[in-house]
Amino acid sequence: MSQRQIIQVFEQYQKSRMQFVQTVADLAARPQNIDILHSAGVMSMLRPLMLDVVPGIQQTAALALGRLADHSDDLAEAVVKEDILPQLVHSLASHNRFYKKAAAFVMRAVAKHSPELSQAVVACGGVDALVLCLEEFDPGVKEAAAWALACIARHNASLAQTVVDAGAVPLLVLCLLEPEMALKRIAASTLSDISKHTPEQAQTVVDNGAIAHLAQMILNPDPKLKRQVFSALSQISKHSVSLAEMVIEAEIFPAAVVCLRDPDEYVRKNVATLLREVVKHTPELSQVIVNCGAITEVIDYLGACRGNLRLPAIMMLGYVAAHTENLAMAVIVSKGVPQLALCLSEEPEHHIKAAAAWSIGQIGHHTPEHAKAVGTANLLPKLLELYMDASSSEDLQAKSKKALKSILQKCTYIPALEPLLYDVPSNILKHVVCQFSKVLPHDPKARRLFVTSGGLKKVQEIQAEPGSPLQEHINAINSCFPEEIVRYYSPGYSEVLLERLESYQPA
């Protein structure tokens, strides 16, 4: 065999290897092929090709493995069991940018599935290798590394701390300054995933100057970047008063509030989430946000969206109202109660109804005036219905009951109270009767209305334990009326009159 023929054999072999990995990579891009490839043992065939002398074959083999691992946790576990990860990490330092991107993709595809698979990436030195990739000149390598780190950090605080300890945070903050939009997005997303677990990890992000850089991007025209920016600011704000204050001090308000009108629904949702995380801490922080015109904007946002997009805005109104009477009144004046009533009736999901019930309770529990605002929206019967409905979730029942009781204890608005005298459980009825016993002694018009509407008759029909608080409230109500009127509406009084009629002898 001549030298030329020998070279042709080697060229043919190289061409076959390249064709094989390229075909597998292409097949792995389509979900319907994944199981067939796995059952054919393709994983063990690809492993030696990761060490191939031809860089293009190595990169394509890594790409194929990444696509397989990306499909399911079973295939990701197979990558771990084949001992492919240590091989990837070891060869990262010496290879070109194309291989580094492919290797980071494999680690991301493995790590995304579970904390255990992320831990496998950590155990083979993957995090340190990925952080080194953040120092690369090529933005594509940085992006691939940041994405893999995000998939590791998002699972739990321990894994996020591993990413922090490897020195990723300052490099991710520097990535925010890069011109490439895709790199900015994933850097903001990774900082969000690191910040979400503990105050200490969020503080590390803040200490590296992230807030100032994130704040400069809130009006960026790219919606995907804005989603991640507002997400990161939310995750930082949620942990403590001091962190929320740092976000406010970056002077993102009122500009951020205006983003509740952004065309992108997830930008709007993340802005609403940021507002919720800031206002929940103190009345002072709530007042800052209210002064930016946020309540009206949030109520308009609630009217324009549906489903889970509503949840952070519903809770934001509840947190604002919970702090003080004045803040709750600001929600009422801005027509927040009718909008929450719509959410309560329109939304099929029980967790959203529960949030709306909770927020309504936070608005109505302060004073009789606040309770009247809830009562005039006809929300007390609705809360009772949700509490009594056996199909309501446990959380929805609990929140509806708590909201109803807290509002009833302040409510003195008779038209709202009266429907609750009928078909209600005794633990709710006692609060309703108690409120009547407070109102009726001081309001002649209310007493007349109470008689003519059938309220007094209904009270006489209530079976109460002698000496119980409910009986005491009934006695207090009865003392507001002449004895003969009370007797007239008492059960059995018509029979007494008939007996007297039978025994009556005309003169």
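These are my notebook entries on a predicted model, covering helices, cysteines, a pocket, backbone details and aromatic rings.

**Ground rules.** The model is predicted, so I noted that local features need pLDDT of at least 70 and side-chain atom pairs count only at pLDDT 80 or more, while totals for chains, interfaces and linings use all residues. Residues are numbered from 1 along each chain as its sequence is written, and side-chain values use heavy atoms, with hydrogens and water left out.

**Entry 1: helix α12.** I started with α12, residues 168–175. Helices here are DSSP runs of H or I, at least four residues, numbered from the N terminus. Buried means under 20% relative accessible area, exposed over 50%, partly exposed in between, with a 1.4 Å probe and protein chains only. How many of the eight residues of α12 are buried? Six are, so the helix is largely enclosed by the rest of the structure. I listed A168, V169, L171, L172, V173 and C175 as the buried ones. They pack against α9 (126–133), α10 (139–153), α11 (157–165), α13 (181–195), α14 (199–207) and α15 (210–215). Contact means heavy atoms within 4.5 Å.

**Entry 2: helix α9.** Next I checked α9, one of the partners of α12. Six of the eight residues of α9 are buried, and the helix is mostly covered. I wrote down G126, V127, A129, L130, V131 and C133. Their packing partners are α6 (84–92), α7, α8 (115–123), α10, α11 and α12.

**Entry 3: V110.** This residue sits in helix α7, residues 97–111. V110 counts as buried because its relative accessibility is 0%. Which residues does V110 touch, not counting those up to four places away in sequence? I found A69, A76, V79, V80, L85, L117 and V121. I also took a long-range distance: the C-alpha atoms of V110 and H213 are separated by 31 Å, with the two positions 103 residues apart along the chain.

**Entry 4: S231.** I placed S231 in helix α16, residues 223–237. Its relative accessible area is 18%, so S231 is buried. Leaving aside neighbours within four places in sequence, S231 is in contact with S192 and N270.

**Entry 5: cysteines.** I looked for disulfides, meaning pairs of cysteine sulfur atoms within 2.5 Å. The count comes to zero. Why is C124 unbonded? The closest cysteine sulfur, in C133, is 13 Å from the sulfur of C124, and that is too far for a bond. C151 is in no disulfide either; the nearest cysteine sulfur, that of C133, is 15 Å away. C151 is buried, at 3% relative accessible area.

**Entry 6: largest pocket.** A pocket is an open set of points on a 1 Å grid over the protein atoms alone, where a 1.4 Å probe fits, with protein on both sides within 12 Å along at least five of seven lines; lining residues have an atom within 4 Å of a point. The volume of the largest one is about 170 Å³, taken as the space filled by probe spheres set on the points. I read the lining as A357, W358, G361, Q362, H365, A398, K399, K402, A403 and S406. α25 (350–364) and α28 (394–408) each supply at least two of these residues. Which helix gives the largest share? It is α28, with five residues. I sorted the lining into four nonpolar, four polar and two charged residues.

**Entry 7: backbone details.** I found a cis peptide bond joining F253 and P254, with omega about 5 degrees. P254 lies in the loop between α17 (241–249) and α18 (255–258). K335 is not a glycine, yet has a positive phi of about 70 degrees. K335 is in the loop between α23 (325–333) and α24 (336–346), and is exposed at 56% relative accessibility. N378, also not a glycine, has a positive phi of about 60 degrees. I located N378 in the loop between α26 (368–376) and α27 (379–388).

**Entry 8: aromatic rings.** Rings of Phe, Tyr and Trp (its six-membered ring) pair if their centres lie within 6.5 Å; planes under 30 degrees apart count as stacked, over 60 as edge-to-face and the rest as tilted. The structure holds three aromatic pairs. F436 and F450 form a tilted pair, 4.7 Å centre to centre, with 40 degrees between the planes. F436 is in helix α30 (residues 426–439) and F450 in helix α31 (residues 444–452), 14 residues apart. Both F436 and F450 are buried. The rings of F450 and F481 have centres 6.2 Å apart and planes at 20 degrees, so this pair is stacked. F481 lies in the loop between α33 (469–478) and α34 (483–488), 31 residues from F450. F450 has 0% relative accessibility, and F481 is buried at 10%. I closed with the cluster: ring pairs link F436, F450 and F481.

Note on methods. Helices (H or I, at least four residues) and strands (E, at least two) are DSSP runs, numbered from the N terminus. Ala, Val, Leu, Ile, Met, Phe, Trp, Tyr, Cys and Pro count as nonpolar, Asp, Glu, Lys and Arg as charged, and the others, Gly among them, as polar.
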